[in-house]
Amino acid sequence: MTYHCNLLIFITSLLALSTADNKEVIRFKMRMPDVITNTHDEYMVAPFPLSYDEAYIIGYDPVDASSEKVHHLILYGCLEPARADVPYWDIGDMGGICKTNSFILWAWALDAPKLDLPKNVGFRVGEKAGIKYLMLQIHYKNVMSSPDTSGIDVLLTKSAPLNLAGIYLFATGGTRIVPKKVTFGDTTCAYEGADEIIPFAFRTHTHLLGRQVSAWRERHGNWTLLGTRNPRLPQMFYLMQGKPNPIQRGDILHARCVFDGRNINKTVYIGGTNKDEMCNFYMMYYMPLEKFKLYDGCFREVHFKVPDYAKVAVNLNFTTATNKIQDETKASSNTTQYDNNNDTKRLFVLSRNWTTPLSKTNGQIGGLSHTPDGNSLVVFHRGPNDWSSKVWFNSKDEVLYKDDVISENTIVFLDPVSGNITKSFGGSMFIMPHGVYIDADGNVWVTDVALHQVLRFPANSTKPDLVLGENLIPGDDQVHFCKPTSVVVDNDKNIYVGDGYCNSRVVKFDKSGKFVKEFGKFSNEQGLLGGFNLVHDLTIDKKAGEIYVADRENGQIHVMSLEGNFTRLLRSKDYENIFAVEFSELLRSIIAVNISSSGRPSKVMLIDTDSGNVTNSYPEDLSFTMPHAIAYIQDNGIFIGEISKPFKIWKLVQTEDIIAFHHRLFFNTLISNIPISFVIVVICLAGIPIAYLGVVVVFRCTNKGDTKYDKTGFQKLLRDYDSSDDSEDDLVFKNSRLDKSNRYS
């Protein structure tokens, strides 16, 4: 007990507030010293000595710490580093971080922006605080064959603080995660301090079985959520959003860890190893200097019931593999619960650090696609040929510059994570590239509006084995196209071509390239199903057997069967000019590029496949000029290609909200497909055992005793809903002893 109280005192002695003006701010630069790694998932740490007796951290500015290479970064404080003989070392193999205690001062991941602490809040460091070294620890995702200098600028000031800050820790020690069940680890304490504290940031921590950690303030029966986070996501400190929620004498503080034991075979206990579990919620708070007092934390394991309005949704199906979805998400505070009736959460955010060397040489982005395994983003670009730079076609839609064949490789494969070019081909073959599509076998299909052709390149081949359309000859019959835009292939290898700028039709061919049928007709009348005014893109839902047709100039999306029967028309006031479409099975949505002709920002939109309603749109943080192509790689992100300079490829990465969105769609679909007769039968059959269980529950609930809890320094809490029932919903932790040596991460 004494050891860990001293540890918390030491942590909180670091924290202070600064009144410095800008000219007093010191940038303490911390860069990894040309780190090289030999394997994936290496944890490297480097020491940085402080020359100040006393200083105060007021902000953090990450430098070159891209989520493409860095999984997370943690800043520690030390009296003395674990090693002094090398500039950096692997903490797993070579002795840890500090010789004595280490103290977390900051954590970063997922391309989080610069963090300025709230006004009048800072961390105290320096020799007088027992922090003579700042330690920079980085978890590298991949092999770093080139020297890495990722790091941060720590913003310091020497000015004296007005307030001091501390860390209030919620932790359990007696929680047992039992097999085949979901277990709650709960702590509840009354705040007995004479003066209020202001919480401003939080961090959650569990091991593998944790699914959500949350904390609340209860005042006069009213519950306020202080913070909540899935601990399988990066365990950073997050600033609490909205107005402050002061904690005053008499307030009740609650924290809960939700553990998923459904797939374990033996009971797991709280402990310090990876085979054990932990349940921690760290809450940073501050107080005026003259009133500052350190509060140890809350370790009383008392079950509580959260009112419906304050409950937090928990995604029990979140697994370690799902972390891949989060690797590049812009960090943000998550202090609100999911709203099951609101699908307008931000499912994607801009990746600010994603770049590709292709951007130095590519031209207009005609099309984007990806390989079936999602390991490659495929770009079809126009090199030096710019469709908007001059008149390319005569009145007969014949290209005027037949000799302007692009010498550069126009088909480029990129690593969607790093942006690096992995292979390219297609030089001296094309004049005006437009669409690209990769089928299930890895064949690369492209369309060229100047050649009036569709070409197929077998996987791993640079020469086409199938060409549809006659070179440079436009037409509208069974063997000619006029500026074809797009192509998709179904499960039976039938081919569908969007044709296109002149013909306004979809043409179907069998797998050998033999003409089968054409669908649609020209119409500039909005709302006419099957009437196209420029078929600009196609996308296919192979499972449902449906093709979505982007009717660009009419601003609508037609849905047709593989036999060419038009089934519905997706329209919305939010549509203007639909340039590109991509179906997502995961989202059950169409991801579309919409370009405005009325001066509004161009958007990426998520469109419901049944109603046509826009469920998400992304103009924020984006500066589109002329987005033209789109590709979505599951577990990675959305890529958007532009045809206006600088011909940029944007990347939007997925947020954690996408997980709740996906599961909500799944259960809604499941429920909607259950026949009502089946539901009635199930209800009838379940009536007798449910009634029996009801009797048992009433009997047990009316024959339970009270359990009293106490801890030195905290008021006894006798709640009318305390129970000795060890059920999943009313778990009480009786006679548990907190092993405090295990409560720190």
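Okay, hi everyone. A strand, for today, is a run of at least two residues that DSSP labels E, and strands are numbered from the N terminus. With that in hand, I can tell you where Asp608 sits: in strand β44. One more thing before we go on: what we're looking at is a predicted model.

Let me give you the overall picture. The protein has 745 residues, and 56% of them are buried. Its secondary structure comes to four helices and 48 strands. And if you take contacts between residues at least 6 apart in sequence, 68% of them join residues at least 24 apart.

Back to Asp608, then. The strand it sits in, β44, covers residues 603–608 and pairs with β45, residues 614–617, in the antiparallel sense, over three bridges. If you want one pair to look for, Ile607 has Val614 in β45 as its bridge partner. Together β44 and β45 make a hairpin, with five residues between them. In that turn you'll find Gly612, which has a positive phi of about 80 degrees.

So is Asp608 buried or exposed? In between, actually: its relative accessible area is 22%, and therefore Asp608 counts as partly exposed, because buried means under 20% and exposed means over 50%. What does its side chain do? A polar atom on the Asp608 side chain lies 2.9 Å from the backbone nitrogen of Asp610. Setting aside neighbours within four places in sequence, Asp608 is in contact with Leu570, Asn613 and Thr615. There's also Ile590, which is 18 residues away along the chain, with its C-alpha atom 6.6 Å from that of Asp608.

Now let's go to another aspartate, in another sheet. Four strands form an open sheet here, in the order β28-β29-β30-β31, with antiparallel pairing. Its edge strands are β28 (433–438) and β31 (466–468), and each of those pairs on one side only. From one strand to the next, the twist averages 15 degrees.

Look at the pair β29 and β30. Strand β29 is residues 444–448, β30 is residues 453–457, and five bridges join them in the antiparallel sense. Val446, for instance, has Leu455 in β30 as its bridge partner.

Asp448 belongs to β29. Here's a puzzle: Asp448 is buried, yet has no salt bridge. How far away is the nearest side chain of opposite charge? That would be Arg382, at 8.1 Å, whereas a salt bridge needs the nitrogen and the carboxyl oxygen within 4 Å. What the Asp448 side chain does have is backbone nitrogens: a polar atom of that side chain lies 2.9 Å from the one of Ile431, and a polar atom lies 2.8 Å from the one of Ala450. Beyond its neighbours up to four places away in sequence, Asp448 touches Phe430, Ile431, Met432, Pro433, Gln453 and Pro484.

Next door is Thr447, also placed in β29. Before I compare the two, a bit of background: in a regular strand, side chains alternate between the two faces of the sheet. Thr447 has a relative accessible area of 0%, so it is buried. Which backbone oxygens does its side chain meet? The Thr447 side chain reaches the one of Pro484 at 3.3 Å, and a polar atom of that side chain lies 3.0 Å from the one of Thr485. Thr447 touches quite a list of residues, again leaving out those up to four places away, including Phe380, His434, Val454 and Val487. Pro484 turns up for Thr447, and it turns up for Asp448 too.

Last stop: a few backbone oddities, and they're in loops. Asn460 is in the loop between β30 and β31, and has a positive phi of about 70 degrees although it isn't a glycine. Its relative accessibility is 73%, so Asn460 counts as exposed. Lys493, in the loop between β32 (486–489) and β33, also isn't a glycine and also has a positive phi of about 70 degrees. At 39% relative accessibility, though, Lys493 is partly exposed.

And where are the cis peptide bonds I want you to find? One joins Asp499 and Gly500, with omega about -5 degrees, and Gly500 is in the loop between β33 (495–499) and β34 (505–509). Another runs from Lys645 to Pro646, with omega near 10 degrees; Pro646 is in the loop between β47 (637–642) and β48 (649–654).

That's me done, thanks!

Notes: Residues are numbered from 1 along each chain as its sequence is written. Side-chain values use heavy atoms; hydrogens and water are left out. Two strands pair if DSSP finds at least two bridges between them. Axes are lines fitted to C-alpha atoms, for helices over the stretch in contact, and angles run from 0 to 180 degrees between N-to-C directions. Buried means under 20% relative accessible area, exposed over 50%, partly exposed in between (1.4 Å probe, protein chains only). Lys and Arg count as positive and Asp and Glu as negative; His and the chain ends are not counted. A polar contact is a pair of N or O atoms within 3.5 Å; within protein, one must be able to donate a hydrogen and the other to accept it, and residues adjacent in sequence count only if both atoms are side-chain atoms. Contact means heavy atoms within 4.5 Å.
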